[in-house]
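Visitor: Before we begin, may I ask you to explain the terms used for this structure as we go along?
Guide: Certainly; let us look at the structure together.

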Amino acid sequence: MTNSAPKIDEHLPLTSAVFHILLSLADQERHGYGIMQEAEAMTRGQIRMGPGTLYGSIKRMISADLIEESDERPDPKHDDERRRYYRLTDLGRRILGAEAQRLSDLVNVAQSKGIVGSEEVV
Amino acid sequence: MLHVPSAAVLSASERLYRLLLFIYPRAYRREYGPLMIQAYRDLCRHSYRQKGMVGIASLWSRLLADLVTSSIEQHLDALREGDRIMMKKEHTRVIKYARLLCTVLIASTPFALSGVFVLRNGFPDPDPFLNTPLHPGRELFLDSSFPPAIFSLAISLLLQVALGYALQAHWSSFSKSLVRISTGLALIPVLWAVVFVTEFNLRVRFFALWDVYVSDILRVSTSSIVFGACATLLVLFITLYPDIKGHSTA
């Protein structure tokens, strides 16, 4: 694990798009539009990625081995077979965890400085 | 089910989006173009169901910014990737550009010669007492309205397009023949100067003709480089974006 630590740190901090894509894929595989919807839902409409930003990020994340394409289809009968589904890799999951921890630490710092109240942080 | 006018608008907007995808690099468009169109289609239908045409307009305001920023990023990515490849072939690249420059210069020679032949009976002998130009070539270089200049520019444009196409299409034998012929033609003024040795006003006339010749070389080469750059860009554009000829990315 000691070898992977520097590799994870190299990716941090993540861009907003990359972080939200990783977070969208944390619980299940999704296709592009599914990721967009999930990111929008998670942020209550604050993050609305366009197709260009989404697939540009996906391309870079695949080459960085953060996500990968999945061959499985949740429901092949009712889904367009041309859709591509993506899922987290082990590295992607660890990087997502590290970024979430980093942001959490920042929120703690903000709380300690009285910038945000603990009840506002969900 | 969508109403027909709305369906037409959605269909037209999808066609427009599909068209705008041409601003992305070719490789990226091939890989992700269909997926982007599919995502756009989903987004478009969702926006329309929620807010009708206002939703579509709102979506487009976001999409345009998304298109511009993400396409710039992808072009930069493509350039970085290209640089990595080209760095390995730096030597080859220098030779390629040098050869292209030489070809442009040599290919301009026939048109410089045409200027000399057109002018050889027409321009006055340099005579400072009669205010005739000592360097007619310089005046010709600056006079873009001169009919032979326009003619030679047009011909050079065609030549550069043909040359660009030949190089792009790897017609190596054709390109070599073209360069060989142009080089042969470039030797003509030398032979011509030898013939003029017997002429009475050899010295003055030779330098005046040489002046025209050199100026024409410069003029046509300059225009050829400009036109050649345009033609090369056109060829590159067609090469990078062949889909614009009618093939769809979807």
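**Reasoning from values to terms**

Guide: In this predicted model, both Tyr17(B) and Tyr40(B) are buried.

Visitor: Why is the pair of Tyr17(B) and Tyr40(B) called stacked?
Guide: Six aromatic pairs are found over all chains in a search of the whole structure. In the pair of Tyr17(B) and Tyr40(B), the ring centres lie 4.5 Å apart and the planes stand at 10°. Centres within 6.5 Å make a pair, and planes under 30 degrees apart count as stacked; the pair is therefore stacked.

Visitor: Which parts of chain B does this pair link?
Guide: Tyr17(B) belongs to helix H1 (residues 4–20) of chain B and Tyr40(B) to helix H2 (residues 26–87) of chain B, so that distant parts of the chain, 23 residues apart, are linked.

Visitor: What makes the pair of Tyr28(B) and Tyr32(B) tilted?
Guide: The centres of these two rings are 5.3 Å apart, and their planes are at 40°. Stacked planes are under 30 degrees apart and edge-to-face planes over 60; the angle of 40° fits neither, so the pair is tilted. Tyr28(B) and Tyr32(B) both belong to helix H2 of chain B, four residues apart, which is about one turn of the helix.

Visitor: How do you know whether Tyr28(B) is buried or exposed?
Guide: Buried means under 20% relative accessible area. Tyr28(B) has 4% relative accessibility and therefore counts as buried. Tyr32(B), at 5%, counts as buried by the same rule.

Visitor: Which residues do ring pairs link into a cluster?
Guide: The cluster holds Tyr55(A), Tyr24(B), Tyr28(B) and Tyr32(B).

Visitor: How many residues of chain A are in contact with chain B?
Guide: On the side of chain A there are 19 residues, in contact with 21 residues of chain B. The two chains bury about 1,800 Å² between them, and carbon and sulfur atoms give 49% of this area. In chain A, the residues that lose the most area to chain B are Tyr33(A), Pro51(A) and Tyr55(A), which together account for 32% of what that side buries.

Visitor: What makes Arg60(A) and Asp77(B) a salt bridge?
Guide: The rule asks for a side-chain nitrogen of Lys or Arg within 4 Å of a carboxyl oxygen of Asp or Glu. For Arg60(A) and Asp77(B) the distance from N to O is 2.9 Å, so the rule is met. Four salt bridges are found across the interface of chain A and chain B. Of the elements of chain A, H3 and H4 give two or more residues to the side that touches chain B. H4(A) supplies the largest share of that side, nine residues.

Visitor: Which residue of chain B meets Arg60(A) at 2.9 Å, N to O, from helix H2?
Guide: Glu73(B) forms a salt bridge with Arg60(A) at 2.9 Å, N to O. This pair crosses between chains, from helix H2 of chain B to helix H4 of chain A.

Visitor: Why are Glu73(B) and Arg60(A) called partly exposed?
Guide: Partly exposed lies between the limits of 20% and 50%. Glu73(B) has 37% relative accessibility and therefore counts as partly exposed. Arg60(A), with a relative accessible area of 33%, is also partly exposed.

Visitor: How do you know that Arg84(A) and Glu31(B) form a salt bridge?
Guide: Their closest N and O atoms are 3.1 Å apart, and the limit is 4 Å; the salt bridge therefore counts. The pair crosses from the loop between E2 and E3 of chain A to helix H2 of chain B.

Visitor: What makes Arg30(A) buried and Asp27(A) exposed?
Guide: Arg30(A) has a relative accessible area of 11%, under 20%, and is therefore buried. Asp27(A) stands at 55%, over 50%, and so counts as exposed. The two form a salt bridge, with the closest N and O atoms 3.2 Å apart.

Visitor: Why is helix H2 (residues 16–24) of chain A described as mostly covered?
Guide: Seven of its nine residues are buried, among them Phe19(A), Ile21(A) and Leu22(A). What covers the buried residues includes helix H3 (32–42) and helix H5 (90–112) of chain A.

Key: Residues numbered from 1 in each chain as written. Chains lettered and ligands numbered in written order. Predicted model: local features only at pLDDT ≥ 70, side-chain atom pairs only at ≥ 80, totals over all residues. Heavy atoms only, no water. Buried < 20%, exposed > 50% of the residue type's maximum accessible area, 1.4 Å probe, protein only. Contact = heavy atoms within 4.5 Å. Buried area = accessible area lost by both parts, 1.4 Å probe.
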